[in-house]
Amino acid sequence: STNKKLPSSGSVKKFTPGPESGTYDSFWDISYSDFVDSRLEEGKIPSDKIETNDEGEPEVTEPVVSDGQFPNDNAIVQRVEGSKTGIGFLGYAYYSENAGDLKAISIYNPDTGKCVKPTTKAIQNEAYPIARTLYIYPNHDKATGAVKEFLDFYITPESLTTTVKESLYVPLSKSQRQETIDTWESVASE
């Protein structure tokens, strides 16, 4: 997302989540790691930004360069809004909540050869290339009592649509919702 009123010149200020964030991890995995890895292989990363990881491989120490990392997406929104040249990446819920003050950036989808804006439909049908699905992983053996009751409540058509939309997240597609419900019902009945 960027500030809507971009000047014609100036340096871009980049505001990002920190490495403790799932949004940061996903951005890195989906859209940035291949680029950084190729620059590392080409010798285009300064030596003071490279260290050796536990496997003895070279690794970039500061993979996502920014003018500020914030654990709270609201802080990123505030920084982007307060900067004439601000840009940031954050979760869609935070973008949609602040869409009147931010401008979404279209992202190139290599599968279609087109740039795609983040919209509910583009995220839901997986056309927006840097969206991620949020998962829950219950322990099958421990999905009893209150945990089972919560999952019975959560994995329903209403919760997977209405509740998700109320939270400003994008619901799964209809077929994905049904697959999730069917999977839970088969596991819960065992």
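## Helices, strands and the overall picture

A helix is a DSSP run of H or I with at least four residues, a strand is a run of E with at least two, and both are numbered from the N terminus. Helix α3, for example, covers residues 92-97 and includes Tyr95. The model described here is predicted. The protein has seven helices and nine strands.

The C-alpha trace spans about 60 × 45 × 35 Å along its principal axes. The protein has 190 residues, and 31% of them are buried. Its exposed area is about 12500 Å², of which carbon and sulfur atoms supply 50%. Among contacts between residues at least 6 apart in sequence, 58% join residues at least 24 apart.

## Charges and salt bridges

The protein carries 19 positive and 30 negative charges, and the mean positions of these two sets are 13 Å apart. The structure contains two salt bridges.

One salt bridge joins the side chains of Glu42 and Lys44, with an N to O distance of 3.3 Å. Glu42 is partly exposed because its relative accessibility is 48%, a value between the 20% limit for buried and the 50% limit for exposed. Lys44 is also partly exposed, with a relative accessible area of 47%.

The other salt bridge links Lys148 to Asp152, and its closest N and O atoms are 2.8 Å apart. Both of these residues belong to helix α5 (residues 145-154), where they are four residues apart, about one turn of the helix. Lys148 has a relative accessibility of 29%, so it counts as partly exposed. Asp152 is partly exposed too, at 33%.

## Helix α2 and its cap

Helix α2 runs over residues 73-81, and its buried residues include Ile76, Val77 and Val80. Asp73 and Ala75 in this helix are buried as well.

Which residue caps the N-terminal end of α2? The cap is Asn72, which has a side-chain oxygen 2.6 Å from the backbone nitrogen of Asn74.

## Two buried asparagines

Asn109 lies in strand β8, which covers residues 107-109. Asn109 has a relative accessible area of 4% and is therefore buried, the limit for that class being under 20%. A polar atom of the Asn109 side chain is 2.8 Å from the backbone nitrogen of Asp111. Beyond its neighbours within four places in sequence, Asn109 contacts Lys114, Val116, Glu126, Ala127 and Pro129.

Asn53 sits in the loop between β3 (50-52) and β4. Asn53 is buried because its relative accessibility is 18%. Its side chain has a polar atom 2.9 Å from the backbone nitrogen of Glu55.

## Val60 and its contacts

Val60 is part of strand β4, residues 58-60. Is Val60 buried or exposed? It is buried, because its relative accessible area is 13%.

Which residues does Val60 touch, not counting residues up to four places away in sequence? They are Val36, Leu40, Ile45 and Lys49. Val36 and Val60 are 24 residues apart along the chain, and their C-alpha atoms are separated by 7.9 Å.

## Tyr95 and Leu168

Tyr95, in helix α3, has a relative accessibility of 14% and so counts as buried. Between Tyr95 and Leu168 there are 9.3 Å in space, C-alpha to C-alpha, although the two are 73 residues apart in sequence.

Leu168 is located in the loop between α6 (157-166) and α7 (174-188). At 34% relative accessibility, Leu168 is partly exposed, whereas Tyr95 is buried.

## Positive phi values

Leu168 has a positive phi, near 70 degrees, and is a residue other than glycine. Glu126 is not a glycine either, and its phi is about 65 degrees, again positive.

Glu126 lies in the loop between α4 (120-124) and α5. Glu126 is classed as exposed because its relative accessibility is 54%, and the cut-off for exposed is over 50%. Glu126 is one of the residues in contact with Asn109, which is itself buried.

Terms used
Residues numbered from 1 in each chain as written. Predicted model: local features only at pLDDT ≥ 70, side-chain atom pairs only at ≥ 80, totals over all residues. Heavy atoms only, no water. Buried < 20%, exposed > 50% of the residue type's maximum accessible area, 1.4 Å probe, protein only. Contact = heavy atoms within 4.5 Å. Areas by Shrake-Rupley, 256 points an atom, 1.4 Å probe, with all protein chains shown as cover. Lys, Arg positive; Asp, Glu negative; His and termini not counted. Charge placed at Lys NZ, Arg CZ, Asp CG, Glu CD. Polar contact = N/O pair within 3.5 Å; in protein donor to acceptor, adjacent residues only side chain to side chain. Salt bridge = Lys/Arg side-chain N within 4 Å of Asp/Glu carboxyl O.
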